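Visitor: Could you pick one part of this model and take me through it closely, starting from what sits at the surface and what is tucked away? I'd like to see how it ties in with the rest.

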Amino acid sequence: MQNPSAHENTDLQPQPPPEEQNYGATATHVRQGPFVSVSRNDPAKRDYLIAAVLCYANLINFMDWFIVPGILLDLQKSFELSDGDTGLLQTVFILCYMLAAPIFGYLGDRYNRKIILGAGIFFWSGVTLGSSFISELYYWIFFLSRGLVGIGTASYSTIAPTIIADLFEEGRRTTMLSIFYIFIPVGSGLGYVLAAGMADITGDWHWAFRITPCMGGLALVLLILLVPRRTQRRTAPHRALSISGTIRVAAEKPGVQRTAKTTWCQDVISLAKNLIFGGITIGMGILGVITGAEAARRLRKINNKADPLICATSMFVSALCLYIALMVAQTNILSTFIFIAFGELFLSVNWAVVTDILLYVVTPRRQSTAIALQILVSHLLGDAGSPYLIGIISNAIQAKNAYSFQWSFWSMQYSFIVCAFVGVFGGGFFLLTSFYIEEDRKEAERL
């Protein structure tokens, strides 16, 4: 009789205690059955198909993240929100997301991952669609719906990368997970463009929430049909990219102010600006992920501390670019877009490298849990409170001055400068990490 603890559960029933089995990435005996089991040196075509499905769902995941920033001014006008209340909208989303992540990390290490992923996609897509029917009288329900979407997306971000990591050997795994991470900026940019474009075309922001649920339905069907109920867990320690890159800039992004009636020319200009911003996010995100992974691969041969040093350098440069972009925003919009592009480029350099660092300083058997803790801590210290904080600072500045369009702009400009200084702190912490990275890596390899 085969040991039932040697493969991943096919339903949501708890497995035997840890002392009686190996689970997660350390399971060493796999029963033959309908799960994916292929040579690690020659991944089957189905492995790539499974990875493609997960990348597609990741695209939708981050499109949902950035629907709200794309129509932020429309929501603020419709619900009559202050800057602080508008920032709170994103804070609610992030808080629910990061608090749910450890729960799904725990479940992902112990229960069937396909069921959790499917339930998460169905849940967040349904809630997103439902939020498109909320009227202006029930703003509190809209806030609640964003929190529920955050819970749904947390189930995906903590588990999907572990399935990809289990399907491929080290070299291919690095490539496939880099592709997976690329859909963070691609989805973010497309979500922003889609939301702003739908609001411009239809004249109603509610339509911005009705596209991704349809895409989510397709992702759910593909998940059910193509992703097996069980995937073979890897037996060797994961030393390549295996963890979701989830450190993102999630602060509000000011859109283009629209009036009740606009000319055709004004609509085209508004749409073009949204396309420019979305295009910058997509292009620089892709280039940044590729550049960071390649730089780390080459520089590790020269310096064992290359990873945190790359992250520190990119954070410093990104913070400088963001500061300059804010300072020239009022006088030269072209320069603003250029420095935003470079800021996003250097910020994106970190995504693949940070996940690699996290992977090789933790034991493989806690892969999903490590992802969850990364999500919790990074968002707790970052975008969980930053939108609300920026809004509060903006409100405080406006309260001390007579209302005018000029002061409305300056208040947001000054409040966003906080992000640049926090970026400098982030670079400093990466420098501190470089003093301990080698010792921590050796400790993880001994476990």
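Guide: Let's fix the cut-offs before anything else: a residue is exposed when its relative accessible area is over 50%, buried when it is under 20%, and partly exposed in between. By that yardstick C214 is exposed, because its relative accessibility is 56%. C419, at 24%, falls in the partly exposed band. While we're on cysteines, a search through the whole structure turns up zero disulfides.

Keep in mind that this is a predicted model. The mean pLDDT of the protein is 75, with 77% of the residues at 70 or more. Among the elements, helix α10 (residues 306-327) has the highest mean pLDDT, 91, while helix α9 (residues 264-299) has the lowest, 71. Then there's the shakier material. Residues 1-42 stay under 50, and the model gives them 91 contacts beyond four places in sequence. Residues 235-262 are also below 50, with 116 contacts beyond near neighbours in sequence. I'd read those contacts with the low pLDDT in mind.

The protein is built from 15 helices and zero strands. Of its 447 residues, 52% count as buried. Taking contacts between residues at least 6 apart in sequence, 86% join residues at least 24 apart.

Now for the close look, and I'd go for helix α10, the one with the highest mean pLDDT among the elements. M315 is our way in, since this residue is found in α10. M315 counts as buried because its relative accessibility is 13%. What does M315 touch, leaving out residues up to four places away in sequence? The list is L347, N350, G423, G426, G427 and F430. S348 is also worth checking: M315 and S348 sit 33 residues apart in sequence, yet their C-alpha atoms are 9.4 Å apart.

Hop across one of those contacts to N350, which is placed in helix α11 (residues 333-360). N350 is buried too, with a relative accessible area of 5%. Beyond four places in sequence, N350 touches I310, C311, S314, M315 and F430. So M315 and N350 appear in each other's lists, and F430 touches M315 as well as N350.

What about the neighbourhood of helix α14 (405-433)? Helix α13 (residues 386-399) packs its buried residues against α14, and against α4 (83-110) too. α13 has 14 residues and spans 20 Å from first C-alpha to last, close to the 20 Å expected at 1.5 Å a residue. Its buried residues are S386, P387, I390, G391, S394 and I397. Viewed down the axis of α13, they fall within an arc of 135°, so they line one face of the helix. The general background is that an α-helix has 3.6 residues a turn, so residues three or four places apart point the same way.

From α4 you can step back to α3 (72-79), as the buried residues of α3 pack against α4, α2 (67-70) and α6 (139-167). Those buried residues are L72, L75, Q76, S78 and F79. Right after α3 comes E80, in the loop between α3 and α4. E80 has a positive phi of about 55° although it isn't a glycine. Unlike the buried residues of α3, E80 is exposed, because its relative accessible area is 72%.

To finish, here's how the nonpolar residues group. The largest nonpolar core holds 56 residues, and L54, L117, Y156 and F180 touch the most other members. Helix α1 (residues 45-65) gives the most to this core, eleven residues. L54 touches L117, Y156, A160, I163, I164, F180 and L223, again leaving out residues up to four places away in sequence. Apart from that core lies another of 16 residues, among them I67, I71, F79 and A195. F79, then, is also one of the buried residues of α3.

One last residue to click on is I116, in helix α5 (residues 113-131). I116 is buried because its relative accessible area is 7%. I116 and I159 are 43 residues apart in sequence, and their C-alpha atoms are 8.3 Å apart in space.

Definitions and conventions: Residues numbered from 1 in each chain as written. Predicted model: local features only at pLDDT ≥ 70, side-chain atom pairs only at ≥ 80, totals over all residues. Heavy atoms only, no water. pLDDT = per-residue confidence, 0-100. Helix = DSSP H or I, 4+ residues; strand = E, 2+ residues; numbered from the N terminus. Contact = heavy atoms within 4.5 Å. Disulfide = S-S within 2.5 Å. Buried < 20%, exposed > 50% of the residue type's maximum accessible area, 1.4 Å probe, protein only. Expected span 1.5 Å × (residues − 1). Arc of directions from axis to C-beta. Core = buried A, V, L, I, M, F, W, Y, C linked by side-chain atoms within 4.5 Å.
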